[in-house]
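User: I am new to reading protein structures. Could you walk me through one, feature by feature?

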Amino acid sequence: MQGTSVRSAALSALPGALWRATFARPDGGCEPRGQGDPDGPFPMDVLRALPPGFAGRIVARSGERAGGVVWHAAPDGGGCFPDGDGWIYVSNCALPLLGGVTALRFAPDGTLRSGYRILSGADRSGAGAATPWHTWVSGERTPYGRVFECDPYGLRAPMPRLAMGLFTHGGVACDPDRGVVYLTEGEPDGCLYRFRPDDWGDLTTGALEVMVGDPGEESVAWERVPIPALPDHVPLREQVKGARRFAGGGDCRYFDGLVRFVTEGDGRVWAYDAARECLTVLHETAGRPGGGADGEITLVAGDRSAPFLRLTGGWTVAGSSMSPAGDRLYFSCRPSQDVRPAPAPVTVEVHGPFRDLVRD
């Protein structure tokens with residue numbers, strides 16, 4: 001991997017829908033490992049079946065203490081941050097009215113040093129993204145939902161960033177190349193937005209814009225949303241004539257000049273080319289709304305990828321993120337709504353030579 005840029009050499013983990021559309025080989029590639037049991041607790045056989053050199057463990061279980069804090073139910077979006085000689089993993093809580101963000105701080109050897117809340121009292125905190133300046137952006141998945149910018153180190157109070165819009169936040173992605181934050185809207189007729197802060201690194205003020213264009217057309221444009229932050233006003237998606245509509249915007253990621261996002265209502269994965277300002281459908285999951293298998297994780301490094309893990313039997317995966325060193329993968333596992341009685345969600349760490357799996 002020598003000679004590549006820092007960005008292309010970075011190792012990341014993508015959920016099933018996004019990686020399948022972008023990276024899967026025609027022959028299906030290698031088979032992810034794992035299975036699940038809908039009638040029991042989290043299937044530890046998934047972690048026992050990892051490739052040689054890998055080891056997995058549960059680092060937090062909903063309703064139980066982890067590093068001194070009670071780990072939240074409904075863990076959702078997550079991200080990792082450097083922390084001196086260790087690192088931090090943060091996780092959104094998607095509970096109604098009791099949402100927020102909880103952090104786990106790890107020592108260099110992987111020991112859990114502490115756990116603490118960095119946002120409380122939010123409403124269905126689902127979408128999230130790490131900023132280039134090491135803060136965590138968390139969006140509420142409710143009508144007129146807010147975006148909060150949180151300090152993963154727990155030193156500063158979380159701040160609402162109202163200029164980023166009040167709406168049902170489905171996904172968030174930072175584009176450091178253009179100084180833009182993209183946001184999907186989790187409504188059946190939702191839109192795609194971009195926030196252009198007045199100063200990159202400060203999300204307090206800026207312009208919120210919505211994508212406009214005719215359905216089916218690749219060429220798109222952007223128009224400013226007149227009133228992004230007034231509760232009980234006309235919904236944002238109704239304020240601009242000709243706003244492009246999507247069937248339930250979900251997970252959103254940016255890399256290599258493309259914004260890739262899932263629309264959960266029709267099982268599509270889209271790609272917006274930020275340089276050419278064009279939009280295309282990368283993948284359609286025929287007959288499977290929701291964007292494909294939610295219980296899959298694939299590793300991505302540059303233009304290389306490797307399917308890594310699959311949970312079946314009613315388990316879904318959320319909040320996948322690599323540690324700064326690229327040797328530990330964190331993600332949360334939740335039983336689907338169809339599983340009764342529902343086992344407790346868990347947050348998992350897998351440690352091993354991930355880069356070897358995506359090496360040329």
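**Reading a strand and its neighbors**

Analyst: Start with one pair of residues. His169 has Glu185 in strand 14 as its bridge partner. Keep in mind that this is a predicted model.

User: Which strands pair here, and in what sense?

Analyst: Look for bridges between two strands. Strand 13, residues 169–175, pairs with strand 14 in the antiparallel sense. The pairing runs over 6 bridges.

User: How many residues lie between strand 13 and strand 14 in their hairpin?

Analyst: Count from the end of one strand to the start of the next. This hairpin has 4 residues between the strands. Check the backbone angles there too. Gly179 takes a positive phi near 65°.

User: What does strand 14 pair with after that hairpin?

Analyst: Strand 14 also pairs with strand 15, residues 192–199. The sense is again antiparallel, and there are 4 bridges. Find Tyr182 as a landmark: it stands opposite Arg194 in strand 15. Strand 14 and strand 15 form a hairpin as well, with 6 residues between them.

User: Is strand 14 buried or exposed?

Analyst: Judge each residue by its relative accessible area. Under 20% counts as buried. In strand 14, residues 180–185, 6 of the 6 residues are buried, so the strand is largely enclosed by the rest of the structure.

User: Which residues lie on each side of strand 14?

Analyst: Read the two faces separately. Val180, Tyr182 and Thr184 are on one side. Val181, Leu183 and Glu185 are on the other. Every one of these residues is buried, and both faces are covered.

User: How many disulfides are there?

Analyst: Check the distances between cysteine sulfur atoms. A disulfide needs a pair within 2.5 Å. This structure holds 0 disulfides. Take Cys174 as a case: the nearest cysteine sulfur belongs to Cys252 and is 9.6 Å away.

User: Why does Cys174 count as buried?

Analyst: Use the accessibility cut-off again. Cys174 has 11% relative accessibility, so this residue counts as buried. Cys80 is buried too, with a relative accessible area of 13%.

User: How many helices and strands are in the protein?

Analyst: Now step back to the full chain. The protein has 4 helices and 26 strands. Of its 360 residues, 54% count as buried. The exposed area is about 15100 Å², and carbon and sulfur atoms supply 50% of it.

User: What share of the contacts joins residues 24 or more positions apart?

Analyst: Consider contacts with a separation of 6 or more. Residues 24 or more positions apart account for 53% of them.

Note on methods:
Residues are numbered from 1 along each chain as its sequence is written. This is a predicted model: local features need pLDDT of at least 70, side-chain atom pairs count only at pLDDT 80 or more; totals for chains, interfaces and linings use all residues. Side-chain values use heavy atoms; hydrogens and water are left out. Buried means under 20% relative accessible area, exposed over 50%, partly exposed in between (1.4 Å probe, protein chains only). Contact means heavy atoms within 4.5 Å. Accessible areas come from the Shrake-Rupley method with a 1.4 Å probe; for residues, only the protein chains shown count as cover. Two strands pair if DSSP finds at least two bridges between them.
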